[in-house]
Amino acid sequence: MNIKLLAIGKTDNKALQSLIDDYTKRLSFYIKFDLEIIPDIKNVKNLSESQQKEKEGELILSKLTATDQLILLDENGKTFSSVGFSDELQKKMNSGVKTLVFVIGGPYGFSETVYKKAQGKISLSLMTFSHQMVRLFFIEQLYRGFTILRNEPYHHQ
């Protein structure tokens, strides 16, 4: 199985980017993982929230293939413990999913078209985090999930 994380906008914090790079490298020992950045929409001042979500949605959907399974990182999604998330990853691998695509949306969330295309939603927390931090937290949780599946000593109960 391949895992892809799509995110809107670049990370401009060098310290965060360094940590993202570190966990991306660690994750590569377990699975093929790609972080793909979708550039910010230009001239957002001239767009309504819904127009911005639609434009971002078109860009997100353009990155998918017909066989990709799409999971949105969304505040209204299902919450997991780290062990529960690792179990979910194992179920996805066992089900034969070729590419699992997780998406961090823009500042206003996702368009209805993206919600309809998604096969699931995951919430990392009831708290709100910056989009840049969510990248780090999510990639770290992917890494943690694979160390749990391998019974490696990274995660402590």
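**Talking through H3, H5 and the sheet**

Biologist: In this predicted model, what makes S3 and S5 partners?

Modeller: Four bridges join S3 to S5, and the two strands run parallel. Pairing needs at least two bridges, so four bridges are enough to call S3 and S5 paired. Within S5, Ile 122 has Lys 78 opposite.

Biologist: Why are S2 and S5 said to stand at the edges of the sheet?

Modeller: The open sheet has five strands in the order S2-S1-S4-S3-S5, with parallel pairing. S2 (32–38) and S5 each have a single partner strand, so one side of each lacks a neighbour in the sheet. From one strand to the next, the twist averages 30°.

Biologist: What makes H3 and H5 roughly perpendicular to each other?

Modeller: H3 (residues 82–94) and H5 (residues 131–149) pack at about 75°, with their axes 8 Å apart. Angles of 65 to 115 degrees count as roughly perpendicular, and about 75° falls in that range, so the name fits.

Biologist: Which residues of H3 and H5 meet?

Modeller: From H3, they include Phe 85, Leu 89 and Met 93, and from H5, Phe 138, Leu 142 and Phe 146 are among them. By class, the contact has nine nonpolar, five polar and one charged residues.

Biologist: How do you know that the span of H3 is close to the expected one?

Modeller: H3 has 13 residues and reaches 18 Å from first C-alpha to last, and 18 Å is also what 1.5 Å a residue leads us to expect.

Biologist: What covers the buried residues of H3?

Modeller: The cover includes S1, S3, S4, S5 and H5. Among the buried residues of H3 are Gly 84, Ser 86 and Lys 92.

Notes: Residues numbered from 1 in each chain as written. Predicted model: local features only at pLDDT ≥ 70, side-chain atom pairs only at ≥ 80, totals over all residues. Heavy atoms only, no water. Axes fitted to C-alpha atoms, helices over the stretch in contact; angles between N-to-C directions. Contact = heavy atoms within 4.5 Å. Nonpolar A, V, L, I, M, F, W, Y, C, P; charged D, E, K, R; others polar. Expected span 1.5 Å × (residues − 1). Buried < 20%, exposed > 50% of the residue type's maximum accessible area, 1.4 Å probe, protein only.
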